[in-house]
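Work through the exercises below with the model open. Try each task before you read its solution.

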Amino acid sequence: MAIGGAAPHDSSGELPGFEQPLLHAHGGLQAGKDPAAAHDHEAQCSPDAGGATSLRTCFNGLNALSGVGLLSIPYALAEGGWLSLVLLLLVAMVCCYTGQLLQTCMGASPDVRGYPDIGALAFGAKGRFAVSAFMYAELYLVAIGFLILEGDNLDKLFPGTSLSLGGVLVLSGKHLFIVLVSIVILPTTWLRNLGVLAYVSASGVLASVVLVFCVLWAAVVDGVGFQGKGTMLNVSGLPTALGLYTFCYCGHAIFPTLCNSMKEKDKFSKVLVICFVACTLNYGSMAILGYLMYGDDVESQVTLNLPEGKLSSKLAIYTALINPFSKYALMVTPVATAIEEKLLAGNKRSLNMLIRTFIVLSTVIVALTVPFFGHLMALVGSLLSVMASMLLPCICYLKIFGTARCSRAEVALIVMIIILGSLVAASGTYSSLQKIIHEF
């Protein structure tokens, strides 16, 4: 689908399938000077120097979209009711469309290598700062969510575990496991080049499929059954449901990376559609299964509902644990790199390790203070994912190409997404913060 109207063809052949660069302003568009863009460039490096095939990019995209949101999707359905499944489909369609808007924005300049570059192309240095700020905040909070998830699931595997430190301090339950997991994860954050780890894509996709299969096995074979009736619509829970649905599709930060990594960039639009369709089917299956099994009693992580001692439950929990464990360092590395650049740490290894250790420590403190996985992920989805996945792509697109280059229908659609996205962000953020405060 052509987005942004017709433009002269790029005869240089450097960017097949893209429109001729429209803007060459903002000389600060140098990817090497931006930490996030530098990380994006690292992530593109692979043995296949000629570029990734469409199939490999498909796996990369599926891995980016199939994350820990899979565990909370039944809880999201319980918050909104059965009819909120329509909203899941709507969010998927909107996020797929805004992903294509990002692809079109990339075609406006050959200097665009990462998401912050699109912000810079649209609004200069302030645009780069705004996009980077939302990206880093989202990555930081997702890393905190990983620690909470690990603590919750390990506590289910090993209930009643406690540790006494000199009789002065006693750590028990998920608080203990959050601390232990952070100690194990800490050395992985000291590695400087983690780009290659971002594309262990086949295993990530397989883990998502295994999780759904384990939940189905628990229902059919282990005797849980499908006893949960649920409700048709819960209006008060819609903001939380929308926030969690949006969180499930928050892969926009790396879409420019995936596009740049392809041999045939003009096929990225088709790859994007395939990824969103496949992930929506997987998310929908997990949501329906979990809600049919447990109804309104479903936990913020469906693995916490699974029967103890069963093989399917253990396999599901172990699978859920592996994914965050392997991705935590990938989440905090761009944040750490940005801080190191600001402090001019450069290649001072001891200072770099200190900065990264402090970041891990800060995530542990927040995870121990706000141990509410569902509410935190709803907050991330409402406040940050809506901005990164819906609002910013639309705003940047309109600023770069202008309304004159777009059809009236397209402008109307984009404006509608901006208005509805703003409402979702405001209501979802308020609802999530209210629930977090209420839990204290």
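The exercises cover salt bridges and the nonpolar core.

This is a predicted model, where local features need pLDDT of at least 70, side-chain atom pairs count only at pLDDT 80 or more, and totals for chains, interfaces and linings use all residues. Residues are numbered from 1 along each chain as its sequence is written, and side-chain values use heavy atoms, without hydrogens and water.

**Exercise 1.** Find the salt bridge partner of Glu79 and place both residues in the chain.

*Solution.* Start with the definition: a salt bridge is a side-chain nitrogen of Lys or Arg within 4 Å of a carboxyl oxygen of Asp or Glu. The structure holds 5 of them. Glu79 pairs with Lys435, with the closest N and O atoms 2.7 Å apart. Next, locate them: Glu79 is in helix H3 (residues 69-80) and Lys435 in helix H14 (residues 408-439), 356 residues apart. Helices here are DSSP runs (H or I, at least four residues), numbered from the N terminus.

**Exercise 2.** Is Glu79 buried or exposed?

*Solution.* Buried means under 20% relative accessible area, exposed over 50%, partly exposed in between (1.4 Å probe, protein chains only). Glu79 has 14%, so Glu79 is buried. Lys435 has 22%, so Lys435 is partly exposed.

**Exercise 3.** Classify the residues of the salt bridge between Asp117 and Arg128.

*Solution.* The N to O distance is 3.0 Å. Asp117 and Arg128 are both buried.

**Exercise 4.** Which residues touch the most other members of the largest nonpolar core?

*Solution.* A nonpolar core joins buried Ala, Val, Leu, Ile, Met, Phe, Trp, Tyr and Cys residues through side-chain atoms within 4.5 Å. Among its 124 residues, the answer is Tyr115, Ile118 and Tyr249.

Key: Helices (H or I, at least four residues) and strands (E, at least two) are DSSP runs, numbered from the N terminus.
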